[in-house]
Every structure is written in C-alpha cells, then in structure tokens.
Amino acid sequence: MSRTYLIILSLSAFFFSCEDVIDIDLNDADPQLVIVGAISNRSYEQQVTISRSVAFDVAQPFDPVSGAEVTVVDRTGRVFRYAEQAPGVYVCNFRGRESERYDLSVQVEGTVFTATSTMPRLVTADSIGTAVRTLFGEEQKFISLRYADPPGVPNHYRYLWSVNGGPLAMLHVSQDKFNDGKYVSEDLADFDTELVAGDSVTVRMQCIDRATYDFWNAVQSINPGTAAPANPPSSYGDGALGYFAAYAESEMSTVVQ
Amino acid sequence: MSHKLFCRYFSTVYMVLIGSVVSVFSQTKHTVSGHIRDAQSGETLIGAGIRLGTDVSVGARANNYGFYSLTLPEGSHLLTVSHVGYQPQELAIELTADTVVDIDLRSGELLQEVVISQSAADDQVRSPQMGLTRVDVNEIKHVPVLMGEKDVLKTIQLLPGVLSGGEGSSNFFVRGGAGDQNLILLDEAMVYNASHLFGFFSTFNSDAIKDVKLYKGGMPAQYGGRLSSVLDITMLDGNKKSFGAEGGVGLIASRLKVEGPIVKDRGSFVVSGRRTYADVFLKLSNDEAVSNSRLYFYDLNAKANYRLNERNTLYLSGYFGRDVMGYSGLFGFDWGNATGTLRWNRVWNSRWFSNTTAVYSNFNYNVNIESDEFNFVIASRIQNYNLKQDFQFFATNKSTWRFGFNVLQQGISPANIDADEETAVNSLQLENRNGLELAGYLSHEWKPVQRLNMIYGLRLTNFMLFGPGTFHAYDADGDVVDSRVYGSGDVVQHYLNLEPRFSLSYELRANNSLKLSYNRNVQHLHQLTNATASLPTDTWVMSSNNIRPQVADQAALGYYQNFGGDRYAFSVESYYKHMQHQIDYRNAADLQANEHIEAELLYGVGRAYGVEWYLKKQTGRLNGWLSYTLAKSERRFDGINDGAWFAARQDRTHDVSAVGMYQLSPRWNLSATFVYSTGNAVTFPSGKYTVDGRTLWYYTERNGYRMPDYHRLDLGATWESKTSKRFQSSWTFGVYNVYNRKNAYIIDFRESEANPNVTEAYRIALFGIIPSITWNFKF
C-alpha cells in the first residue's frame, strides 16, 4: 500500500508538485498517559518509560510521569519491582527469557494499567551484507539481512540500526504473511540516511509479538495518503497509549561495501 | 374534483390494461413513431423532443436509441421537433392511421451561437424526472481542463451536488456519497475503474461520446446497483452518410477517430483511439533503465450498428483501455477495463419498443516484481456478464410504461500471487467469489392531470453469493467465530430488496414547476480503500454473510424556473439522504491480499443533506452556468469517534462553480471556469508523544479538522480555422490554475530538520499554473 503511495508521490513530483511549511492551528488535547515497556533477552536492565502527551507546538515531546509503581511478574510468579532511575524512566535488573510470559502492572495516581507480552523464540540472520539498487540513474546502497523464517508459525520482526556509532534508530517492522517458512532477504534502508562505502552499520533484529507488530505497523502504515490516521492500538486499553513488548533480539555488524 | 380525478385515473388504467383494444374500437387515435436523427451523420438523437405545435404539453421524447412514439387523435397536426444544438423543425402530418415518420434534424452549428430550442430548454421545468443533468458534449469542448484533455468526468464536477475527488482528479462524489457509489455505464456496460494514471484522467475519450446523463436522485427503476448516482454514457454510433476522420494532438495524448457507413443509411461504424506519450520522453534518457521504463495509457472505443430492417437494429460496441507503467528490472504494473456490449433494438409496432442487451465487463491489474531476490506476479480481476431485457410501451401520449429484467453474474478474483520456487515469497491464491444479481423492474411515466407529471416504479433485486469456498464469520473484534465450506453452486448468502422510485413535477405556471422525488437504492458491490486516493489495486468485495448490502433512501424537493424567453434556466434542489450499512475500516486495516479482509471492516450509517442552486444561461454569445451547493455529509460508526457523528472526508460545506463561454468572433471562443470549495474534513493530530525516541502524533477526533479552502481559475480559448468542406482545424489554448494558487493536496506533519524537537506542518500542492495547447482536426 505504502509502496503504491510512494509511486503516486513520485508521479506527482513528476507533475510539477511543490512543498512548503505552513502554519496550522491545532487543538491542544488533554494530556494522555503513555507507557512504553520492553523486556529483552540480551539486556540485563529492563526499562519502562511513563510520560504524558504534550501539545503539538511544545518543543520537548517527553513530559515524564514520576512516582509510579511499576512491577513485572513472570509465569513462575517471580516479581520484578522497578525503580525510577530518571524522571519517567523506571528500570529493573533482570534478563528476559525466550517463550516466557510477562505481566506488566503500572500504577499511576491510583489507577492501575496492565499489559502482557510473551517473548517469541529467537530467529537470527545468517548473513549480512551490502546491496545496491539503481533507481532513476541514482545508486542506492542498503543493508541486506538473510534469515530462514520458521515455517508454520506467524513471525513478526522489528529492525533497528546504528550507523557509525550514532543513536539506535528503528527502521521498520515486518511479518511473514507472504513468505512464511521461506529463506528471506530483508532490505534495510532509511530515507534520511544515505549509506556510503566504509560506513559501519550495526543492525538489531528483534523477534516481536503480534501486539508490538500491530503497534509499529499502525505507525508505519500512516502516510500522507492515509484517509483516517489514528492512534496505534494500545496494549493498555483506552486509558493509556503505548505498548509492552518482550522481544528476542540479535545484533550483527557490517561495513558498507 | 376528486371524483373527476378518480375517473381520469380509472380510465387511464383501463386504457393501459387494454390499450390497443381501445384504439381499435375508438378509431379516433393513431400513433406516429420513428427515429429522430442528425441530418448530416445519421446519428440518433437521444432525448430529442417532439411536441404538438398547438399544445406544447402534449409530446414525447426520443429514447436512448432515438425512437419516439406519440399517440394523437385522428386528423391533421403540426408537430415541432427539437433538440439541443439543432434547428427546430416543423412537421405537418395527416394522421389517418399509425404512421412511421423518421425525422432528420439539422445541426445548429452553422449559426454563430449554440441553438437551444425552446422545448428542449423547458424540459427541465416540465419533465417529471428530478436530479437529472444532461451534459452536452459540445459544451465540454470549450470548458478549460487540466493539460487540455477534455474530460466528461471533470466537467460533471462543475455541476451542483457533484464534488471533485481531489486536485486534477476524475473521481467524483455525488451528494455526500462515496466514490464507489457511482454507477458508471458506458453503452450499458459497468465500468469498474473510470480513471487513468491514478485518477488524473478519465477513461472516457470525449471524441467517442454522444450523450451523458447524470442522475443524482430519483433514479428511474431501470437503474440499480449503486447508492449515489448513475452516470449513463452513450457512445457515438458513427456517421451513416459519409466517411470522416478527426483527431487531435495535445500535451498529454493524441487522439484519432474514424467513422463511416457500413452500408449507407443502414449501418455505420466508429473507431476512436487515444494514447499518451510521456514514455516517448523516457526513451530519450541515456540511462538504460529509464529508457526501458514504461509509462502510458490508451483507450480504444469501437462501435458498429446495422439496421437489419425497419424493425430491427443491432449494435455492437466495445471499450478497451489500459495503463502500463514499469521500471525495467524492478517492477511492472498494468491495469485496465474491457467492456463489450451487444444490443438488439426491436420496434414491435408503433407503440412497443424493446431492447435486449448482453454485456461483458472486466477490470484487472497485474503487478510484476522482479529483482535478484524476487520474481513474482500479483494478479486480480473483477468481471461480469450481464443480460438485460427492456420493454417500452407508449400506451398513450400521457402514459409510458417501461419494464424489464436483468441477470448479472459477477466474479471477483481478489488476489493471486504467482511466485517462483526460489523466490522468497509464497504463491498465494485467495478464493474467487461469485455473485448473481437478478433484478426486475416496472416503471410508469404518467401525466394523470394537466400540470402533473410523474415517474414511479419499483425495482426488485435478488442477490445471491455462491460457493465454492470457505466463508468465515467474525465477532465484533474481528476474530473468526465460524468457518464453513460451501460447494459449487451453494448459496452462501441471499438478500432480497425492494427499491421504490418516485419522481413528480407540478407545473405552477408555464415556466416554473415544483418537483418531488424519493428513491431507495441498494448496492451489492463495495470498493475497499483506506487511502485518500482511489487506486487500481483497491479491493472489491460483494455483499456476504458479513457485509450487508448498502442501502440509501433519498428524498428531494426542487423548484425550477425558466425565464428570459427560456434563455435562462434556474433550479434549486434540496435533498436528504440516509445510508445504511456503510463501510469503514479498523485501525491500520490490512486490505491487500487478505483472506480475512472482512474482519477488517466496520459498519455504520451515513446521512447527507444539502441545497443546490443552479443558474444556466443557455443561449447567446455568452453562455454558461453558476452552481452553488450547501451540503453536509456525516457518518456514524461504533468504535470511531466514540460512536458520535463525524464529517465524511468529502463533506464540503460550500461548493461553487462558475463556467462562462464567450463567442468573441466567428473564429474565437473564450472560456473560463472558477471553482471554490470548503476543504475536506481531515484528521490532524491534537498532540504528540514519544515512544522509543520517536515522536508520534496523538489523534483525538476523526475528521475534526479542515483542509484549507480550495479555489482555482482556469482559462481557455479556441481558434477555429476557416471552414472548408474538406478540412477543418482548430487550436485550443488553456491555462490551468491561472493565479497559481497553491491548493493543498496533502498536509502532513514532521519533525523540523533544524530542530528535531520542534514539529512542523507542511503542505504539498500538486498543480501550479499549467498552460496547455491542443491541435484538433477534422476531415
């Protein structure tokens, strides 16, 4: 869908289109609670951030919520209590495990929000490399990741990268709807980042659950041509935005050829 | 009074029931019938009027095949025959028996101004039909349009109650309805996708078109299947007298039409083609990948007709159009419609006319993805076979019956992915869906008393969705609760609907009238799209065990007046429309190649209401029209906007069009169009928040914001060469968006490049000022 839209956009560009920044008067909605929680198999420190949405024209989009009670319980009944490390940032030291189910509970000003996530099995790529595509006379380099998708089960993936030691940035999420059980070659690229030979790229491939995929897929499928953009589905129900993801991730590095 | 009315009613019913018997006994009435044609080309003239000279309220109109039938008392009569753009003709007849008179009208083009005859002009006052607008194809010729490609679908957007689908778009919305709620017929064949190049050009090549009728309400019972409107387009039959060719060379495309008699005065053919040539410029590129790329569309219209004898005529017409784009070594994408119509007209006697139609219509698209890793094809198709039988019985000069049936078999092949074994994509075939729609209708145009005219009718539709296949049922969350396997020929779902139609006019005085109409329309075919633009890859679905047929009830009231000796026509129509089982989508719905696509749908209701003003100057060196629509269109869905009413995207409060054409000199014609409308209702964020270092927009209300107002001025000029018998040519110059207004096509939001913490809004404007030039010829 978004691909077709890109085609249209490039076609319209072909037809003398122009772009400029304009002023729009937007309403200020009541601040909405945002809870983002993650449990990784690689990290020994797990983090939950709690904040509130801000008005569109506020320059600092993170409005932290302090004083919340955050706990995670696994299937065996182990309880992990989080401590507020910085305003709105709550951490706890433990390591996530594949196939484990985690129940998150967040209490903010007397209201309790809960979410559940089960960490999928880890799928790792067996090769990483540089690929080149020529489009309208311009060479575009991208990273190609290859992996065998496990057959017979729905799999969801999220990709992030860091270029030349820069901050980790999310690229996109994918699923195996059309390539279940196939040997998949995943193209990783970012419109804002042009790769050149010699760039060192570190890629993180996360195996995420369905709810996390739905969240990020809703975010990435909103484009300027979406008829009715909406908030991505929340793991916490109507009271708060955000998601809670237990994911299994692996990291690979390469130097752009 | 009521007794008198009752007697008239009774006697009319009596006459109808045993119509011909009455005329045999009375020996006082006879019928004059025949065809009305263009004297030069032999083209039948749809809607031409024939009226009694002494009493203009007695008359008939030629039907879609130019056939008329008028029953009058025995004796001598003076009849006036007229049609828009033609010189009226008087006809004296001595009626002693049923008489066949074929009438040839001379075009008024030789005169300096467009001739609009009196009786044709006052049709809008007297005709009981409401919500109908006819577009004169000659008028389209002078209206300035984008890139000089004259376009029926863009011209109708200048009419009241019809909204443009967006900048430069040939899509349109009628009275608050959706884009897929318009029934678009080309020679009775349903056209599934009426646009080229993602909507910027319509599939209708104006050279091939004879007549365009748009029904916004009060649709006669012979039409069914869509909620909002019927756009009935008739192709030219071809010149029956002599061979000719005409064409043009424009910025975007070139056109050529060839026509001529098969056997003089008995049969003719016309072939008309159009092709774009943007790809010619691609060929100039040094880059091999670019020069091997494809980007074009074409249309081919062909039609032939042959009169077997006085009573039987056959018509065969076809349309083939395709868009092709491709980038070598990466992807190919092509889509298009093909339609074929075979018709048999039979004049049984002076008062019975029948038409039998067999139609095939098909729309499909193919996407080829080819690269080192991938090699697969996605294909999708929708097609129908349609058999229609229509009868028209001209019982008296005050009563015409029309009835018939149609059998529509429709098949959808939603998505078929065909992949190589080595490719990292699985082959996939979604199950085909088959539906059968049986419809019967009866409609009566009747003038029970002086000043009162009406058309009323009923349409009965029986829709069946057939197996084979697996059909799922879903709960409110979209999860499967039941799956059943049906065999071939098993009925999965069945819907029976009765659609009453009613439209009447009451003449207040000779030149003004009131009209009232009500119609119920039912729709069994739905186009699914969650993007703002309609794309060829949009999925079609039929009514099913999950999707109930869309139903619209519309009531309308209007006032019509002609003044200034019929030079001006004024109308104001107001309507209220209620729509059931409207379709919207879950958040981030997956509408592509999804077996469970019906799980992604939400169902709700809609309402649309408004007032439409229309003032037209029909004659004189300066002619044109002003139209203003004040309207509202809203939807309500559980699960969207907390179940409250919200504005439909195409809800535009004010919509103004002004079209002016001025004959400066015999050679120069100038034209101008101005449009203004309220911006679309859109969803913008009302806040923002951070997730994993990414700023996301916080939305609170569906369609709670407005795009900026849209307005634009276009100018055009046509210069005609000296008319010689052998060769004529003309130049058409146009300027689109004269004052270069940056109308927002898209408004989106992003993090500022200078400071990522600051968010900004930006707009994309599509077309600035664009000049165009077209050269046309005819010989």
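Visitor: What separates the centres of domain 1 of chain A and domain 2 of chain A?

Guide: In this predicted model, the two centres, taken over C-alpha atoms, are 22 Å apart. Domain 1 of chain A covers 4-120 + 209-249, and domain 2 covers 127-207.

Visitor: What makes domain 1 of chain A touch domain 2 of chain A?

Guide: Contact requires C-beta atoms within 7 Å, and 10 residues of domain 1 are in contact with 10 residues of domain 2. On the domain 1 side, α2 and β17 of chain A each supply at least two residues; α2(A) gives the most, with 5 residues.

Visitor: How do you know that β1(A) and β50 of chain B pair?

Guide: Pairing takes at least two bridges. β1(A) and β50(B), residues 759-765, have 5 bridges, in the antiparallel sense, so they count as paired. In one of these strands, β50(B), B:Ala761 is the bridge partner of A:Ile22.

Visitor: Which classes of residue make up the side of chain A that touches chain B?

Guide: That side has 34 nonpolar, 18 polar and 6 charged residues. In total, 58 residues of chain A are in contact with 54 residues of chain B. Elements giving two or more residues include α1 (2-14), β1 (18-22) and β17 (240-255) of chain A.

Visitor: Why is B:Leu185 called buried?

Guide: B:Leu185 belongs to the largest nonpolar core, of 79 residues. Members of such a core are buried, with 20 or more other C-beta atoms within 10 Å, so B:Leu185 is buried. Beyond its neighbours within four places in sequence, B:Leu185 is in contact with B:Met190, B:Leu231, B:Asp232 and B:Ile233.

Key
Residues are numbered from 1 along each chain as its sequence is written. Chains are lettered from A and ligands numbered from 1 in the order in which they are written. This is a predicted model: local features need pLDDT of at least 70, side-chain atom pairs count only at pLDDT 80 or more; totals for chains, interfaces and linings use all residues. A nonpolar core is a set of buried Ala, Val, Leu, Ile, Met, Phe, Trp, Tyr and Cys residues joined through C-beta atoms within 7 Å. A residue is buried if 20 or more other C-beta atoms lie within 10 Å of its own, exposed if 12 or fewer, and partly exposed in between; C-beta atoms are placed from the backbone. Two residues are in contact if their C-beta atoms, placed from the backbone, lie within 7 Å. Helices (H or I, at least four residues) and strands (E, at least two) are DSSP runs, numbered from the N terminus. Ala, Val, Leu, Ile, Met, Phe, Trp, Tyr, Cys and Pro count as nonpolar, Asp, Glu, Lys and Arg as charged, and the others, Gly among them, as polar. Domain bounds come from an automatic or database domain assignment.
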